[in-house]
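Reader: Hey, could you walk me through this one? I'm new to it.
Author: Sure, let's pull it up.
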Amino acid sequence: MVATMLLCIVATCWFSSCSDSNDLEEAILPDPSFAQSRTVMVYMVAENDLSRAAAQDINEMLVGIKNARLYPDNRVVIYLDDVSLPRIYVLDQHTEAARLSDLIPVKQYGQDVNSSSAAVFSDFLEYVKTYYPAESYGLVMWSHASGWIPSMFSGDRKDVNESKKRSFGLDNGKNTSAVSSGNQMNIDDMADALLEQGGCDFMLFDACFMQSIEIAYELRNATKHVIASPAEIPGPGAQYATMLPAMFKRDAYADEMVAAYYNQYSQAGNPYGIVVSSVNTAALPSFSAYMKNLVAIHAEKLFALESRPLLNYYRYEEWGKNNPDYFDMQSVMRQILNNEEFAEWMQEASKVIKLKTAGYWYSNHVKDVIRVDESQCCGVSMFVPRSVYDGQTGHEYNEMFINTSWAHSVWADGSNSQK
């Protein structure tokens, strides 16, 4: 009897031990829905008033890296230029730090650099792909931004004929948290740098106004997906504790990232709201050919747009003249097309764009929320040449637009621009 009891106890302990071991082994197995080899590059231009927010977002990434069951070849490589000298950090499944202040950089720059320079950006991409190679890459572009338009900073701009689409990042060159003015990056140069370094699977712009058709088209050969907002993004930006696992999804990473951004701001009572979308760049060549035909047929209507009813992410005549109007593409098409044409346009757009919106976003320009009529919203903005922009020294948006690749492809090399 005693022997039987002892045997039962030993057997119970043995099975319990096996069960605990299996549970432990299962708990540390990588998530099979993740890509097995992906490096996510995070480029943070925070030598401005966003320096504190950059630290908070890296702290969120440290939470995300702990919550995600990553493969050994999954990692996050962060370039950070804030009020201190630029440096590079690496996060992976072995990272134990809980806060940015606990992290030790893998590279420390010896002097300040202009992080809004495409050359510095290119050097970072080359560094990552040399020392942290992977089968696929993601990229987060984190800073201030202003859409596709050229920089108004005198150090970037010469004259309208030489100005290019500098819009991303703000490096004040002072190692301070002051906004002031600063250098910004040319979207053409950003795309060239990415192409030279082999491109990436996705780009997340955690920055305002960057989901425009002009920007997505410029980047069409450099990345498969652009995830961004056409409007102002909330001050906290993406919640990286949940965004980071989404970035490592093997297949549906773009959809997961849009959902992660949306979920953060879609709860009832959230003061910020959001409009966020993804653009499938592989579909852009056929979409641009389709749009070229529509622009040619409806040019007169486009130039006679009634702007007041349109969904507008930047209101040129009300919010100052730093940016042109950023009309939602769907809003524009709904005004100029008949019902049958519009239904066809919606079908074509659905091949390119996936949208999530809380139904409003918070605008810092009016210090209030702006409601979104979802029937007018696809989550991608477009420029329409308008006579109101003419004669505005330093803000020659019609002339600037002519130089974009989108204008060359869709607007007959810009020759349709209204005068």
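Reader: Which residue in E9 stands opposite Phe 202?
Author: That's His 225. Keep in mind that this is a predicted model.
Reader: Ok. And in what sense do E8 and E9 pair?
Author: Strand E8 (residues 200-206) and strand E9 (residues 223-228) are parallel partners, with four bridges.
Reader: What's the order of the strands in the open sheet?
Author: E4-E3-E2-E1-E5-E8-E9-E10-E12-E13, so ten strands with mixed pairing. E4 (107-108) and E13 (368-371) stand at the edges; each has a single partner strand, so one side of each lacks a neighbour in the sheet.
Reader: Which strands does helix H2 touch?
Author: H2 (residues 51-67) packs on the sheet against E1, E2, E3, E5 and E8, and its direction makes about 170 degrees with that of E2. Helix H7 lies across E1, E8, E9, E10 and E12, at about 175 degrees to E10.
Reader: How do H6 and H7 pack?
Author: Their axes are 8 Å apart, at an angle of about 170 degrees. They're therefore roughly antiparallel. The residues making that contact include Met 243 of H6 and Tyr 261 of H7. By class, it has seven nonpolar, one polar and one charged residues.
Reader: New topic: is Asn 172 buried or exposed?
Author: Buried, because its relative accessibility is 8%, and the cut-off for buried is under 20%. Asn 172 lies in the loop between strands E6 and E7.
Reader: What does the side chain of Asn 172 reach?
Author: The backbone nitrogen of Lys 174, at 2.8 Å. A polar atom of that Asn 172 side chain also lies 3.0 Å from the backbone oxygen of Glu 47.

Definitions and conventions. Residues are numbered from 1 along each chain as its sequence is written. This is a predicted model: local features need pLDDT of at least 70, side-chain atom pairs count only at pLDDT 80 or more; totals for chains, interfaces and linings use all residues. Side-chain values use heavy atoms; hydrogens and water are left out. Helices (H or I, at least four residues) and strands (E, at least two) are DSSP runs, numbered from the N terminus. Buried means under 20% relative accessible area, exposed over 50%, partly exposed in between (1.4 Å probe, protein chains only). A polar contact is a pair of N or O atoms within 3.5 Å; within protein, one must be able to donate a hydrogen and the other to accept it, and residues adjacent in sequence count only if both atoms are side-chain atoms. Axes are lines fitted to C-alpha atoms, for helices over the stretch in contact, and angles run from 0 to 180 degrees between N-to-C directions. Angles under 35 degrees count as roughly parallel, over 145 as roughly antiparallel, 65 to 115 as roughly perpendicular and the rest as oblique. Contact means heavy atoms within 4.5 Å. Ala, Val, Leu, Ile, Met, Phe, Trp, Tyr, Cys and Pro count as nonpolar, Asp, Glu, Lys and Arg as charged, and the others, Gly among them, as polar. Two strands pair if DSSP finds at least two bridges between them.
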